[in-house]
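I opened the model to look up how one of its sheets is put together, and then to check its cysteines. My notes follow.

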Amino acid sequence: MSTEDRWLLPEGIEEVLPPQAARLEGLRREIIDLYSTWGYELVIPPFIEYLESLFTGTGRELDLQTFKLTDQLTGRLMGVRADMTPQVARIDAHQLQRDDVPTRLCYLGTVLHTRPDGSGGSRSPYQVGAELYGHAGVESDAEVLCLMLETLRLAGITEMHVDLGHMGIFRGLADQAKLSSVQESSLFESLQRKATPEVQALLSEWSVAADVRDMLVSLVDLNGDISVLDDAERVLKKAGKLARQCLTDLRHIAGLVAQRITYAPLNFDLAELRGYHYHTGVIFAAYVPGRGQAIALGGRYDDIGQAFGRARPATGFSTADLKALIALNPSPATTPSGIFAPCLDDPALADAVLQLRQQGERIVCALPGQTGGASEMACDRQLERQDGRWVVVKL
């Protein structure tokens, strides 16, 4: 690398500069306060740990996204976290051990990806999330979904909609069709592409009974507003108990969310199977106009802590990147605010500066021989001596 290029960062790795860094930090503090009012406790997982922990539960989906290195102390492989969800599950299962009471945890921090999620995306997103352990009911699913939406609104996202699905519907129908794990995985791939002819061909090839085949094919088109659940109940009337109960759960969750949230329309997509290999129940994702990728997503993933010796019901969500959320809501130009203090060796001036800072004022002290004054230092006031006292004067 030439001397001229030494300032360049790796592709997808970025730094946050003023004033965006201040906005990011301010929003981080507001989010922590919001989560605290909902009863969620902050945890700070390590940036790096052994792969066995990172690749537990949801983490197995992250193998290709994880930077790996060898621990020079033990010779074991370690990974830089690409997602904090498995880490928080480990904390709940192994570190806290709070009997069987519900536990609410939240987290904020940078994760690192080997490749961006989309074109031009970040490889070092700032992830924010919350997890609720120890309760298997739809009430906890509705709670974390509402908290996700409140997080987005706090970040200034005013236009958004949510897609909801349920992993149990597909899994129940796949069991009813007596599909092998290989067949189920192949069908999953086709459903994700909403490739109806391909789905029909696979089910015919496997000689799946006509009624079950029709129900599986219908999942492709079962998407839209809440009326889709009425359509689904008619189309899936011959489905097993699990699939029908999942429809009931979706309707219940929608009702609970509607009581609390009025600014984010709910859509339903019964072929949406994101997180197929680890989600066990309801799944949801938030989108904004003009952006194809979800800005936040979550769902239920029961027993994620089993590998850590403590299987518990679990549901939660995380944002894709808090930095991206800020970028979606450009801040208006702000008027400079601060007080410029002259460069003088004066105890009275030092005392005035100290008192103003204790009051929360931003004070910029001049340096000997510096270029630029109050306006260049983004100050709208300055300290001046009047009648032997230092007073604040507007510029």
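**Entry 1: the hairpin.** I started with Q386 and looked for its bridge partner in β16, which is R389. This is a predicted model, so I read every value here as computed. The strands β15 and β16 pair in the antiparallel sense, and I counted 6 bridges for that pair. Their hairpin has 2 residues between the strands. I looked up the backbone there and found that D387 takes a positive phi near 55°.

**Entry 2: the parallel pairs.** Next I went to the other side of β15 residues 381-386. Strand β13 pairs with β15 in the parallel sense, over 2 bridges. As an example I noted F340, whose bridge partner in β15 is Q382. I then followed β13, residues 339-341, to β14; these two also run parallel, and 3 bridges join them. Here I noted A341, which has C365 as its bridge partner in β14. As a reminder to myself, strands of a sheet pair through backbone hydrogen bonds, either parallel or antiparallel.

**Entry 3: the whole sheet.** I put the pairs together and got an open sheet of 4 strands in the order β14-β13-β15-β16, with mixed pairing. Which strands stand at the edges? They are β14 (363-365) and β16 (389-394); each has a single partner strand, so one side of each is left without a neighbour in the sheet. I also looked up the turn between neighbouring strands of this sheet, which is 35° on average, direction ignored.

**Entry 4: the helix across the sheet.** I looked for a helix lying across these strands and found α12, residues 347-358. Helix α12 lies across β13, β14, β15 and β16. Its direction is at about 150° to β14.

**Entry 5: cysteines.** How many disulfides does a search of the whole structure find? The search finds 0. I took C146 as one case: the closest cysteine sulfur is in C106, 17 Å away, which is too far for a bond. A disulfide needs the two sulfur atoms within 2.5 Å. Is C146 buried or exposed? C146 is buried, with a relative accessible area of 0%.

I took C379 as a second case. C379 is in no disulfide, and its nearest cysteine sulfur, that of C365, is 9.6 Å away. I had already met C365 as the bridge partner of A341. C379 has 5% relative accessibility and counts as buried, because the cut-off for buried is under 20%.

Notes
Residues numbered from 1 in each chain as written. Predicted model: local features only at pLDDT ≥ 70, side-chain atom pairs only at ≥ 80, totals over all residues. Heavy atoms only, no water. Pairing = 2+ DSSP bridges. Axes fitted to C-alpha atoms, helices over the stretch in contact; angles between N-to-C directions. Contact = heavy atoms within 4.5 Å. Buried < 20%, exposed > 50% of the residue type's maximum accessible area, 1.4 Å probe, protein only.
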